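Biologist: Could you take me through how to read the packing and one helix in a model like the one shown here?

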Amino acid sequence: MGARIHALGLLALMGVGLATGCASPLDKAQIAWAEGEGDFTAAEPYFKEAIAKGDDESEYAAEELYEIYLQLADLNKKDHPKDAEAQYLGALELQPDSVEARTGLIRLFIALYRYEEAYNLAYEGVSSGKCPSCRPLLAKMLIQGGDQRTETEDWPGAEASYAAAMDLLPDAAVAMGLTQARTAQGKIKEAAESLEQAAGMIDQNDIEGRRRFLELRRALVMAALEAGDAMHADQVLDVAPKGVTATGQLQGVEGESFVAGRLGEYTIEKDPTRDAG
């Protein structure tokens, strides 16, 4: 019964408009759209005409069209991505600072493997300072890029990606990825700095994170010794995540000997401060 009354009301409104010839572009748009039950392709030109008039209805028409674009984009993003892209772009044209439209389009581009466009859109949002939700999206893309470059042993590229991600959203796993990339390039000092960053962010209960940290620290110690940099080797051995005991710090390192380039053989000695037994 309610739907019938609604339909009759629309017909009556259309009849009035046609009879009087005074229906505004916004009236025609709303009649054609019929609150989502009508034809958007017929309604859209009327909305745009109402916006272009620059009168009292223009702002309302722009706001309504913006909301419709977002509604349709959300419905179309899975099965009709081209339509969704056009609708997100339409929403951004009406409201360039829209976080919802920008992040929706970024996620759509990622789903379509259009990473460069997604990256550029997210970077623009972060740079403007008007899209806080773009920061985690951009960081995620940078981390994925770092991971892919690590797999191919593109260490300079991995370092650049992880370093940019750290600037956006500091994270222990990212800091360890950065440490690995720097160690592989022989950047001992820089690797020690990012390893120290990682140590400060690893949770006490993160067993896997602590295990990876110890592996990276060991690799960095060996790289430092092979480069003849005993000072950084010793400094790195003092770096450990919060809550790791002296025994835990030296796990897998104490008592082992390494060939340290020009220094010859180097042995990690037992910490004299540790309790006996």
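Biologist: Which residues touch the most other members of the largest nonpolar core?

Modeller: A nonpolar core is a set of buried Ala, Val, Leu, Ile, Met, Phe, Trp, Tyr and Cys residues joined through side-chain atoms within 4.5 Å, where buried means under 20% relative accessible area, exposed over 50% and partly exposed in between, with a 1.4 Å probe and protein chains only. Here the largest such core has 67 residues, and Phe-47, Ile-106 and Phe-213 touch the most other members. This is a predicted model, in which local features need pLDDT of at least 70 and side-chain atom pairs count only at pLDDT 80 or more, while totals for chains, interfaces and linings use all residues. Residues are numbered from 1 along each chain as its sequence is written, and side-chain values use heavy atoms, with hydrogens and water left out.

Biologist: What does Phe-213 touch, not counting residues up to four places away in sequence?

Modeller: With contact meaning heavy atoms within 4.5 Å, the partners of Phe-213 beyond that sequence window include Met-176, Leu-195, Val-239 and Pro-241.

Biologist: How should I read helix α9, and what covers its buried residues?

Modeller: Helices are DSSP runs of H or I with at least four residues, strands are runs of E with at least two, and both are numbered from the N terminus. The buried residues of α9 include Trp-155, Gly-157, Tyr-162 and Leu-168, and their cover includes α7 (115–128), α8 (134–151), α10 (172–184) and α11 (188–201). At the N-terminal end of α9, Asp-154 acts as a cap, with a side-chain oxygen 3.1 Å from the backbone nitrogen of Gly-157.

Technical notes: Polar contact = N/O pair within 3.5 Å; in protein donor to acceptor, adjacent residues only side chain to side chain.
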